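Here are my notes for your first careful look at this structure. Please keep the sequence and the model open beside you, and take the points in order.

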Amino acid sequence: MSLVSPPDQAPAPETGPPRPVGVGERAALPDVLRGLALLGILIVNVQTFAGFREWQQRGVDGVVQVLTDVLVNGRAISLFAMLFGWGTAGLLARHGAGTLLRRLAVLLVIGTAHFVFVWHGDIISNYALLAVALLLGARMTARELVTLAGALGGWWLLLGLLAGVGSLAGPVRPRFDGLPDLTPGMTYGQVVADRAAEFQSNLIGGSVYNGLWLVALFCLGAAAGRAGVLTRPQDHLPLLRRLATYGLMIGLPLGVLLAWLNTGGTQTAGLLAIPVRMGGGLASALGYAGVLGLLAARGSLGPLKAFAASGRLAMTNYIAQSLIMTTVFYPYAGGGYGRWGAAAAVLLALAVGLAQVPLSAWVLRRFGTGPLEALTRVLVYGRARR
């Protein structure tokens with residue numbers, strides 16, 4: 001299955017001084033996909049916010065956990081990472097390496113602040129650091145980018161599978177839950193101090209461990225940008241049909257396997273869940289993109305088009321989600337950490353994520369952009385733009 005349809009097409013050249021993309025120049029599909037991915041990321045991340053373990057969910061909580069694993073877990077983050085690669089490669093093509101590096105530097109600062117002062121699960125800083133690799137692929141065709149992504153991603157998945165299989169030969173060990181070490185009564189200052197102490201090792205370790213996989217996803221997004229898959233879906237109907245069919249045929253069964261692995265509390269189950277989650281997540285993400293691309297090509301996105309608003313304010317919404325959830329769950333605020341199961345936590349995530357859709361539409365009508373998007377534009381371009 002190929003991500004691109006020949007012939008490869010380069011982005012249209014732009015004349016005049018560098019500037020951010022204006023409102024009228026945006027295609028709806030990428031923003032809709034980004035908005036849906038943002039909602040999915042919150043549904044998955046709420047496990048870390050609330051402090052419950054996947055393999056301990058029973059009854060209604062267990063059903064919700066299974067649905068999350070099959071439909072969302074690994075899917076939303078894969079889609080979001082590909083869209084980040086799509087946008088980063090587009091900015092590089094329009095404005096050059098200097099502007100791209102300024103933007104990535106700004107994102108690194110914002111991500112660092114998010115990690116230290118708000119939430120330990122930040123992805124912005126890792127993305128900013130690893131996206132520099134796209135400079136090396138600036139002259140690569142879409143087909144070459146897909147080939148590179150396949151090599152990097154395939155190697156990363158193989159290493160993950162080998163780690164999981166290799167653990168079968170050792171003693172049975174408990175599963176690592178990845179949850180933050182929060183105890184009742186911890187103050188905000190104590191939590192910030194702990195996160196500040198671990199930020200550097202987390203950034204470097206996370207970038208090394210996930211680097212090949214994330215760069216592979218960035219390359220897939222960049223390839224989609226080269227071919228115009230998201231901006232001209234009507235020109236790629238055969239490709240979109242293949243993505244929708246084969247992506248979901250592969251991704252959904254792997255989602256079921258992930259749900260089964262997430263009922264096990266052993267180290268082996270946890271290790272095997274990683275490549276299954278991300279491999280199946282990528283397949284499903286491509287399937288979802290194919291389905292929505294076909295709908296967009298026919299002008300049939302319908303109510304889903306509303307998610308374009310939250311997608312356009314992705315950074316503001318992403319960090320707002322962290323602020324809301326840590327306020328509800330962390331010991332220095334609401335203190336709900338460790339007291340909620342999957343069902344209640346996912347219901348809250350859905351409520352927050354869906355509420356951001358009309359709120360984002362209002363912000364866009366009133367201000368033209370979000371506060372963090374405006375700040376980023378000022379720091380990168382020297383001015384905000386409606």
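1. Does R53 count as buried, partly exposed or exposed, and at what relative accessibility? R53 counts as partly exposed, because its relative accessibility is 29%, and only values under 20% would make a residue buried while only values over 50% would make it exposed. Please bear in mind while reading that this is a predicted model.

2. On confidence, the protein averages a pLDDT of 92, and 93% of the residues score at least 70. Over residues 1–24, however, the pLDDT is below 50, although this stretch has 52 contacts in the model beyond near neighbours in sequence. Where pLDDT is low, the predicted coordinates should not be read in detail.

3. How many salt bridges does a search of the whole structure find? The search finds three, and R53 takes part in one of them, since its side chain meets that of D177 in a salt bridge with an N to O distance of 2.8 Å. This pair links distant parts of the chain, with D177 in the loop between α6 and α7 and R53 in the loop between α1 and α2, 124 residues apart. D177, like its partner, counts as partly exposed, at 24% relative accessibility, with R53 at 29%.

4. The salt bridge between R34 and D31 has a different setting: its closest N and O atoms are 2.7 Å apart, and both residues lie in helix α1 (residues 28–50), three residues apart, or about one turn of the helix. Here R34 is buried, and D31 is buried as well. A further salt bridge joins D235 to R232, with the closest N and O atoms 3.2 Å apart; D235 is partly exposed, with a relative accessible area of 48%, and R232 is partly exposed too, at 26%.

5. Turning to helix α9 (residues 267–297), you can check its length against what a helix should span. At 1.5 Å a residue, its 31 residues should cover 45 Å, and the end C-alpha atoms are 44 Å apart, which agrees. There is nevertheless a kink of about 25° at A273, shortly before the proline P275. The helix is mostly covered, as 22 of its 31 residues are buried, and just after α9, G299 takes a positive phi of about 70°.

6. Which residues does L282, a member of helix α9, contact once its neighbours within four places in sequence are left aside? They are G74, S78, M82, W213, L217 and L220. L282 counts as buried because its relative accessibility is 16%, which falls under the 20% cut-off. For a sense of distance along and across the chain, the C-alpha atoms of L282 and A149 are separated by 12 Å, while the two residues are 133 apart along the chain.

7. Y209, found in helix α7, also has a contact in α9: leaving out residues up to four places away in sequence, it touches W156 and I274. Y209 is partly exposed, with a relative accessible area of 47%. Its C-alpha atom is separated by 29 Å from that of A244, which is 35 residues away along the chain.

8. Helix α12 can be examined in the same way, for it has 26 residues and reaches 36 Å from its first C-alpha to its last, close to the 38 Å expected at 1.5 Å a residue. The helix bends by about 25° at V357, and a proline, P358, follows within four residues. Its buried residues include A342, V346, L348, V352, Q356 and L364, and what covers the buried residues of α12 includes α1, α2, α10 and α11. Just after α12, G368 takes a positive phi of about 85°.

9. Finally, please look at Q356, which is found in helix α12 and is buried, with a relative accessible area of 6%. Which side chain does it meet in a polar contact of 3.0 Å? The partner is the side chain of Q321, and Q356 touches S310, N317 and A320 as well as Q321, not counting residues up to four places away in sequence.

Technical notes. Residues numbered from 1 in each chain as written. Predicted model: local features only at pLDDT ≥ 70, side-chain atom pairs only at ≥ 80, totals over all residues. Heavy atoms only, no water. Salt bridge = Lys/Arg side-chain N within 4 Å of Asp/Glu carboxyl O. Helix = DSSP H or I, 4+ residues; strand = E, 2+ residues; numbered from the N terminus. Buried < 20%, exposed > 50% of the residue type's maximum accessible area, 1.4 Å probe, protein only. Expected span 1.5 Å × (residues − 1). Bend = angle between axes of the 7 residues up to and from the residue. Polar contact = N/O pair within 3.5 Å; in protein donor to acceptor, adjacent residues only side chain to side chain. Contact = heavy atoms within 4.5 Å. pLDDT = per-residue confidence, 0-100.
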